[in-house]
Amino acid sequence: MSAQIKFLAATILLIGMIGLAGCSSNNEAANSESPTNTPTETAITATSGPEVSPSSTPAETAATETTSPTETNKDTAKANPQNSDKQLQDLLELAKKGKVPGVEYAAHTGLIDEVEADWGKPDQQEPAGKGIYATYTDEHVVFGFNKGSLIFDVRSSDTALQKLTLKQIESTLGKPDDTKVNGEDKIYTYQANDQFQLKFIIPNSTGKVGHISVFSEQDSINNMAG
C-alpha cells in the first residue's frame with residue numbers, strides 16, 4: 001500500500017513538471033512572435049509623411065519671376081512711344097506765355113537788348129513785315145522786334161518741331177483758326193489766348209513743320225516809330 005502511494009505521488013509530480021515546461025515554452029513563443037517596435041521604427045512612423053513633389057524649385061521660381069532686360073526694354077518702348085500729342089499741348093501752353101521751347105525771352109515782355117546782352121549780336125538782322133528780325137542760327141531762333149526793342153515775334157526751327165505734321169497738329173489742337181499761303185509755305189494759326197497766336201509754318205516740299213511762331217499782333221505795331 002505504501003509503495004502504491006509513493007508511485008502515484010511521483011506520477012502526479014512528473015505531470016505537473018511537464019505542464020509547467022509547456023506553459024513556459026508557449027510564453028516564449030508568444031513573445032518572439034509579437035515583438036515591440038524599436039525606437040527607430042517608431043520615430044520613422046511618427047515623422048514620415050506622404051512624398052509630395054514641390055511645384056517648383058527655388059531656381060525655377062526665380063526664373064519664372066525674373067523678367068529679362070530685353071523684355072523690359074521692349075515693354076518700355078511700347079509704353080513710351082513718341083508723344084506728339086503732349087508736345088503740341090506743351091507748345092500751346094508756352095504760347096500762352098509768349099514763349100517757344102528752350103527760349104526764356106518772350107514776346108510782349110522781352111527786349112532784343114536783353115537777348116544781345118546774353119547771346120551776342122545776331123548772325124543776321126533785317127527789316128521784314130512790321131518790324132525787324134534778328135536771326136540766331138546756332139540757337140535755331142529768330143526774334144521779331146519793333147523800333148522800341150520790344151519783341152513781338154519769337155520763331156523756332158528746332159529739329160524736334162520739324163517732325164510734326166498737319167494731321168498730328170489738327171488731331172491735338174483741332175482745326176486752325178486761320179490758314180494762309182505765303183509762297184511755298186502754308187501758315188496755320190491758332191489763337192492761344194487774347195494776347196498771343198501760335199503759328200505752324202509748313203513748306204509744301206516737306207509736309208512737315210519748318211518752324212513755329214509765337215506772335216503778339218498788338219506789339220507788332222510800332223508805337224515809337226514817330
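Visitor: Let a salt bridge be a side-chain nitrogen of Lys or Arg within 4 Å of a carboxyl oxygen of Asp or Glu. To how many salt bridges does the count come by this rule?

Guide: The model is predicted, so local features require pLDDT of at least 70 and side-chain atom pairs pLDDT 80 or more, whereas totals for chains, interfaces and linings use all residues. Residues are numbered from 1 along each chain as its sequence is written, and side-chain values use heavy atoms, leaving out hydrogens and water. Side chains of opposite charge can pair when their charged atoms come close. By the stated rule, the count is 5 salt bridges.

Visitor: With which residue does Lys86 form a salt bridge?

Guide: Helices (H or I, at least four residues) and strands (E, at least two) are taken as DSSP runs, numbered from the N terminus. Helix 5 holds both Lys86 and the partner sought, 4 residues apart, about one turn of the helix. The closest N and O atoms are 3.0 Å apart, and the partner of Lys86 is Asp90.

Visitor: Is Asp90 buried, partly exposed or exposed?

Guide: Buried denotes under 20% relative accessible area and exposed over 50%, with partly exposed in between (1.4 Å probe, protein chains only). Lys86, the salt-bridge partner of Asp90, has a relative accessible area of 47% and is partly exposed. Because the relative accessible area of Asp90 is 36%, its class is partly exposed.

Visitor: At what N to O distance do the side chains of Glu93 and Lys96 meet?

Guide: Glu93 is partly exposed at 42% relative accessibility. Lys96 has a relative accessible area of 35% and is also partly exposed. Their side chains meet in a salt bridge, with an N to O distance of 3.2 Å.

Visitor: With which residue does the side chain of Lys121 meet in a salt bridge?

Guide: Lys121 counts as exposed because its relative accessibility is 66%. The N to O distance in its salt bridge is 3.2 Å, and the partner of Lys121 is Glu116.

Visitor: Which residues gather in a patch of negative charge on the surface?

Guide: A patch consists of residues with over 30% relative accessible area and no salt bridge, like charges being joined within 9 Å and nonpolar side chains (Val, Leu, Ile, Met, Phe, Trp, Tyr) within 5 Å; the areas follow the Shrake-Rupley method with a 1.4 Å probe, and for residues only the protein chains shown count as cover. Lys and Arg count as positive and Asp and Glu as negative, without His or the chain ends, and each charge is placed at NZ of Lys, CZ of Arg, CG of Asp or CD of Glu. The negative patch is formed by Glu104, Asp113, Glu114 and Asp118.

Visitor: Where is the place of Glu104?

Guide: Glu104 is exposed, at a relative accessible area of 55%. Another member of the patch, Asp113, lies in helix 6 and is partly exposed at 45%. Glu104 itself is placed in the loop between helix 5 (84–95) and helix 6 (112–119).

Visitor: What value is phi of His108 near?

Guide: His108 is found in the loop between helix 5 and helix 6. Its relative accessible area is 29%, so His108 is partly exposed. Its phi is positive in a residue other than glycine, near 80 degrees.

Visitor: Is Ser149 buried or exposed?

Guide: Ser149 lies in the hairpin of strand 3 and strand 4, which has 5 residues between the strands, and takes a positive phi near 75 degrees. At 16% relative accessibility, Ser149 is buried.

Visitor: In strand 4, which residue is the bridge partner of Val142?

Guide: Two strands pair if DSSP finds at least two bridges between them. Strand 3 (residues 141–145) and strand 4 run antiparallel, joined by 5 bridges. In strand 4, the bridge partner of Val142 is Arg155.

Visitor: In strand 8, which residue is the bridge partner of Arg155?

Guide: Strand 4 (residues 151–156) and strand 8 run antiparallel, with 4 bridges; among them, Asp153 is matched with Phe215. Arg155 has as its bridge partner in strand 8 Ser213.

Visitor: How many residues of strand 8 are buried?

Guide: Strand 7 (residues 197–203) is also joined to strand 8, by 5 antiparallel bridges, and Lys199 has Ser213 as its bridge partner there. In strand 4, 5 of 6 residues are buried. Strand 8 (residues 211–215) is mostly covered, the number of its 5 residues that are buried being 4.
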